Amino acid sequence: MFKSIIAYTKELFSNSKKNVTPERYVKTPRIIGRDEHGIDKRLVSLEAIRTVRNLQRAGYEAYVVGGAVRDLLLGVTPKDFDVVTDATPEQVKRCQKRAIIIGKRFRLVHVMFGREKIECSTFRALEGAGVRKDKFGRVISDNVFGEMWEDAARRDFTINALYYNPTTDELIDYHNGMQDILDGVVRMIGDPEERYREDPVRMLRAVRIASKLQFKIDEATFEPIARLAPLLGNVPEARLFDEAVKLLTCGRAIACMEQLRQLGLYRNVIPLLEVALKESKGERFLMLAMKRTDERIAIGKKVSPSFLFATLLWPLTYRHFEERIARGESQIQAMIEAGRYVLDKQCERLAIQKRFVEDILTIWVLQIKLLRRGTKAAMGYMNIPKFRAGYDFMLLRSQLEFIDPEIVNWWTKFQEVDEETRLEMIRQQAALNAQARKPKKGEPRKPSKAQIKKQLLLEADSWQLVRDLSGTAGSDPSIDLIDDEPEDMPVSEEKPKPKRRRRAPIRRKRIKIED
C-alpha cells in the first residue's frame, strides 16, 4: 500500500512537470539537408572541422552548435565556433593534439590551434545528482552528462539549439529553431521564468541577440524580464563585465542600451551608463561614441573595451578634473588623480580588469598631452601604445565641440607626413605658441616685480621708505637697485693693467773654503 502511494505520487509530479513544459522534452529531431538549410561550408573554420573529425574518427558524436550555426544560416561568418560531443572532457583532450580542460561550474575543453581556440563541451543532462542550485534557482554546479536531446533542451533559445555536422552537411533541429530564424523571433526553450532563474544572464542574451539580428523577442520570453531584473545582482561581476563588453561591441550598441534602459537591466549590468547620463552633455557624448563604435564594427574594424569604458566614464572624470584644476593642480597631475579616483570607485561596481584600467588612464592623460604640440615630445607621443585610441577619443570630443577641431586636424596631418615635415610642423607650432604668449600691438605689457619695486623707489617720499624698499630689493637677486649716478656722467676709460715684471733669478755666491 505504502509503495503504491509513493509510485502514484512520483507519477503525478512527473506528469504535472511534463504538462508545464512539454515542448522542452523533444526527443526526435528534424534532420535538414543541405538543399534546405543552404549553409555555405566555406564559412566554417578549418579548426572547427578538424575538431569534429578527430572526435568522429575516435567513435564519438560531434557537431558545431550554438550561435555559430545561427550565423551560418544567416550567411554571416561566425566570430567563434563551439563544438558539442558525447565524449567526456578527458576523452576530448585525448583526441586532440593541444587541449586543456577548464571550468569549475561547467567543465569545458579548449582545443588550441595556434591563436585559434575551439570550445568543446559535453552533452548536458536535464536533471541529476550533480546539478546544484542556489536559493534563487541559479545553477551553480553542473557536470552531469546526458544525451543529445537533453542537451538541446538545456539550450537557452530555439535559434541556438541547432546542431550542424560538417562531415555529412546535415542540420539537426529539435525545437523548430530554423523556422524561428526565418521568422526573426527569439524564443526561450521551456518555461522562461524558470530558465531565467537558472541563469539570469539569459535576459541579457535575449536583448543582445534581438538587437544584433534585429529580431523580435517572443511575448512569453519578454514578459518576465523586467520583473526578474534584480536576479542579476547574484551573478558574479566577471560574468557581467564580459556580457557588458559583448553588448557594447555587438554592432548595435545604441539599440541594446535603449532596450536595457526600457527593461531596467542597465543598473546591474552597466552601472557606468547611469553615471554618464547624469553628467551634463553625457548622453550626447555617449550616444555619439556608440554610434562611431557601431560604424567601426560594421566595416570590420576592431574596438577596444578600454576605449568604450573610457567613453562611459569620461563625463564624470572630466568634472573631477575641473575641480582639481580650480584648486591649483597641474593639468597632468589633475587628470591622473581624477582618473584614478573615478576608476577606483567604479571598479567596485563593475569588475574592470587591470589591463583595461591602465589603458583607460592612458587615453585620458593623452587628452592633455596632445594639446602640447610645440615641443619635440610630440614625436614620442606616437610611440605610446594607446596613441591611436587617444587620438580617436580626441576626434570624438571635437565632433561635439568640446575641443578645437584645429588641434585634431594638426594631429591628423602629423600622422600622415614624413619625419622632416613633422619637425617643421613642431617648429611652426612652437613659433605660434611663442607669438601667442607676447602681448598684442598697442596692448600694455604687464610689469614685472623688479619694475614695480623700482617704480616704488622712485616715488618714495622719505629716506626711511627708500631704505626699506632698498633692503627688500637687495634681498631679491633678480631686482637691480637704482643707480645713483647721473646718466650724463662721462664714463671713465679703463687704464691698461701694467705688465707683470718677471722676477730675476737668485744668484748664489760660491764660498771657497780655505784649508
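Start by selecting E198 and R202: they form a salt bridge, with their closest N and O atoms 3.3 Å apart. A salt bridge here is a side-chain nitrogen of Lys or Arg within 4 Å of a carboxyl oxygen of Asp or Glu. Side chains of opposite charge can pair when their charged atoms come close.

Before you click on, a word about what's on your screen. This is a predicted model, where local features need pLDDT of at least 70 and side-chain atom pairs count only at pLDDT 80 or more, while totals for chains, interfaces and linings use all residues. Residues are numbered from 1 along each chain as its sequence is written, and side-chain values use heavy atoms, with hydrogens and water left out.

**Stop 1: more charged pairs**

Stay with that opening pair for a moment. Is E198 buried or exposed? E198 counts as buried because its relative accessible area is 7%, and R202 is buried too, at 9%. The cut-offs are these: buried means under 20% relative accessible area, exposed means over 50%, and partly exposed is in between (1.4 Å probe, protein chains only). The areas themselves come from the Shrake-Rupley method with a 1.4 Å probe, and for residues only the protein chains shown count as cover.

Now pick D151 and R155. Their side chains meet in a salt bridge, at 3.0 Å from N to O. D151 is buried, at 3% relative accessibility. R155 has 19%, so it counts as buried.

Next, select R205 and D156. This salt bridge has its closest N and O atoms 3.6 Å apart. The two partners come from distant parts of the chain, 49 residues apart: R205 sits in helix α9 (residues 201–213), and D156 in the loop between α6 (148–154) and β9 (162–165). Helices (H or I, at least four residues) and strands (E, at least two) are DSSP runs, numbered from the N terminus. R205 has 22% relative accessibility, so it counts as partly exposed, whereas D156 is buried at 10%.

Which residues are linked with R205 in a network of salt bridges? Add D156, D199 and R239 to your selection and you have that network. Across the model, the salt bridge count comes to 22.

**Stop 2: the second largest pocket**

Rolling a probe the size of a water molecule over the atoms shows where empty space is left. On a 1 Å grid over the protein atoms alone, a cavity is a set of points where a 1.4 Å probe fits but cannot get out, and a pocket is an open set with protein on both sides within 12 Å along at least five of seven lines; lining residues have an atom within 4 Å of a point.

The second largest pocket holds about 460 Å³ of space. Of its 19 lining residues, select R292, R296, F307, R388 and D392, the closest to its centre. Which helix gives the most to the lining? Colour α21 (387–399): it supplies seven residues, the most of any. Helix α16 (282–298) is also worth colouring, as α16 and α21 each supply at least two lining residues. By class, the lining has eight nonpolar, three polar and eight charged residues. Nonpolar covers Ala, Val, Leu, Ile, Met, Phe, Trp, Tyr, Cys and Pro; charged covers Asp, Glu, Lys and Arg; the others, Gly among them, are polar.

Zoom in on F307, in helix α17 (residues 305–326). F307 is buried, with 13% relative accessible area. Leaving out residues up to four places away in sequence, F307 touches I363, A389, D392 and F393. Contact means heavy atoms within 4.5 Å. Try the distance tool on F307 and A289, too: C-alpha to C-alpha they are 9.5 Å apart, and 18 residues apart in sequence.

**Stop 3: three loops**

Go to T249, in the loop between α12 (237–248) and α13 (253–263). T249 counts as buried because its relative accessibility is 17%. Beyond its neighbours within four places in sequence, T249 is in contact with K79, I297 and L308.

Then find D169, in the loop between β9 and β10 (170–173). D169 has a positive phi of about 60°, although it is not a glycine. D169 is buried, at 14%.

Q214, in the loop between α9 and β12 (216–217), is not a glycine either, and its phi is positive, near 60°. Q214 counts as exposed, with 58% relative accessibility.

**Last stop: zoom out**

Show the whole protein as a cartoon: its secondary structure comes to 25 helices and 12 strands. Of its 515 residues, 43% count as buried.

Methods
Points joined across faces, edges and corners; volume = space filled by probe spheres on them.
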